[in-house]
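The following exercises are meant to be worked through with the sequence and the coordinates at hand. Each begins with a task and continues with a solution in steps.

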Amino acid sequence: MSRIVLEARDVRYQYPRSREAITGISFHVRRGEKIALVGPNGAGKSTLLQMFNGMIRPTSGILLFDNEPVRYDTRSLRQIRRRVGFLLQNPDRQIIAPTVYQDVAFGPTNLGYDEAAVKAAVEVALRQVGLEGFERRPPHHLSGGEKKRVAIAGVLAMDPDVLVFDEPTTGLDPSGSEDLMELLDELNHAGKTIIISTHDVELAYPWADRVILLADGRIIREDVPDVAFGNPTYVRMAHLSVPTLLELSVELEKRGFTIPKRKPRSVLDMVHIIENHLHGSCGHPSPGTITVCNVDEGDTGTLASWVKARTIVVGAMGTRAKQCAEREALPLEFTYGVIDKCILRALRGKDSLILTTGSMVGRVAVRVEAYAKESGTTIRVVSLDPDGQPSQNG
Ligand code: ADP
């Protein structure tokens, strides 16, 4: 199990002339985890999140970062703010400079990086969020989703270990929200610990490794999502609702379906349960193939004709893969939850192509293997070079 990166020990906080907003909270976050702090408005989520990088100092109790108590002198605060990046709900409050470049450069410049290092940090950060080429644009002319990405790049430019997002999808439409949650996954995959606050149970349930239910300034429950949301009494205490997939699985269980110990967290999990119940197996006698293409690894100019020559649908995983699809005019069927959707398709005997980049290529094989272990159904994963040559069988 990985190291604890953040810890709260019996923290309390009271705003001046107000009742206690945080009433004695203890928990920890491990390196690499995806944590969702879930609770209704006024639960204390924002207050708690702001303690993680020292913006709010607890009235009592302590916060630890890397096992060291957070200190509140200017130098220590600068240090913790570099290690724990904070994204406000409203990016307009975070973006301060007249151009994207200047805004993203603000953090590393303040940290005393020289000009070349600032330039390199901005370049990497903009690439990570898919905003290469936006350097000279005025941030206030960008869309809501793009502004969020500028704010995220500003934080990433300081290369923090932990990213804290207060209500990350506020103000975004459903597809913008999906893109943003995928960016969070991408950053997590690149090694960042991610903590979000939300009141959206449907968003938190499939995404988080661990959920902390918060209400009236205290923790109601803290566990893996199916357990944390699994007890309706606690969910009611937190003024939330049970995620649909979990509710459905309870109803199916009452009707004689076999529900695995780890409750369904995706449509794929649910289809698996239903197919098993109806047919005793969960797939086509000859499942389709999933082809994976790392679009960073060559010229993608012939991909469109490769796709056209086949009965295949295309999904893109990650910011750069989506940009590649747009550039090459490849019609995208899937842009979120891509691996599961391609597995579902393979289970109907149909093929798909996943476009992705560097570190996420391996995720496909890992997920498909995990699925094979759970279900007993093996799906073939094949790699493809961007120029259309099969490179190896997975
Ligand atoms: P959430 O993020 O879950 O909506 P908050 O942390 O914003 O909750 O608020 C927790 C409690 O603290 C609420 O009762 C809220 O009214 C109160 N509160 C938040 N900000 C302030 C403030 N600046 N001054 C006084 N009370 C505040």
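**Exercise 1: the ligand and its surroundings**

In this predicted model, an oxygen atom of the ligand lies 3.0 Å from a polar backbone atom of G44. Starting from this contact, describe the polar contacts of the ligand and the residues that surround the ligand.

Solution. Begin with the backbone, where a second contact joins that of G44: a backbone N or O atom of A43 is 3.1 Å from an oxygen atom of the ligand. Turn next to the side chains, among which Y15 places an N or O atom 3.5 Å from a nitrogen atom of the ligand. The ligand taken alone exposes 560 Å², of which the protein buries 60%.

Then list the shell, which consists of Y15, S18, A21, P40, N41, G42, A43, G44, K45, S46 and T47. Sorted by class, these residues comprise 4 nonpolar, 6 polar and 1 charged. Finally, ask which helix gives the most to this shell; the answer is helix 1 (residues 45-52), with 3 residues.

**Exercise 2: a pair of helices**

Determine how helix 11 (residues 267-279) and helix 14 (residues 338-346) are oriented to each other, and which residues meet.

Solution. First consider the axes, which come within 9 Å and cross at roughly 30°. Helix 11 is therefore roughly parallel to helix 14, because angles under 35 degrees count as roughly parallel.

Next, identify the residues in contact: helix 11 contributes V267, L268 and V271, which meet D340, I343 and L344 of helix 14. Last, classify this contact between helix 11 and helix 14, which has 5 nonpolar residues, no polar ones and 1 charged residue.

Note on methods:
Residues are numbered from 1 along each chain as its sequence is written. This is a predicted model: local features need pLDDT of at least 70, side-chain atom pairs count only at pLDDT 80 or more; totals for chains, interfaces and linings use all residues. Side-chain values use heavy atoms; hydrogens and water are left out. Axes are lines fitted to C-alpha atoms, for helices over the stretch in contact, and angles run from 0 to 180 degrees between N-to-C directions. Helices (H or I, at least four residues) and strands (E, at least two) are DSSP runs, numbered from the N terminus. Angles under 35 degrees count as roughly parallel, over 145 as roughly antiparallel, 65 to 115 as roughly perpendicular and the rest as oblique. Contact means heavy atoms within 4.5 Å. Ala, Val, Leu, Ile, Met, Phe, Trp, Tyr, Cys and Pro count as nonpolar, Asp, Glu, Lys and Arg as charged, and the others, Gly among them, as polar. A residue is near a molecule or strand if one of its heavy atoms lies within 4 Å of it. A polar contact is a pair of N or O atoms within 3.5 Å; within protein, one must be able to donate a hydrogen and the other to accept it, and residues adjacent in sequence count only if both atoms are side-chain atoms. Accessible areas come from the Shrake-Rupley method with a 1.4 Å probe; for residues, only the protein chains shown count as cover.
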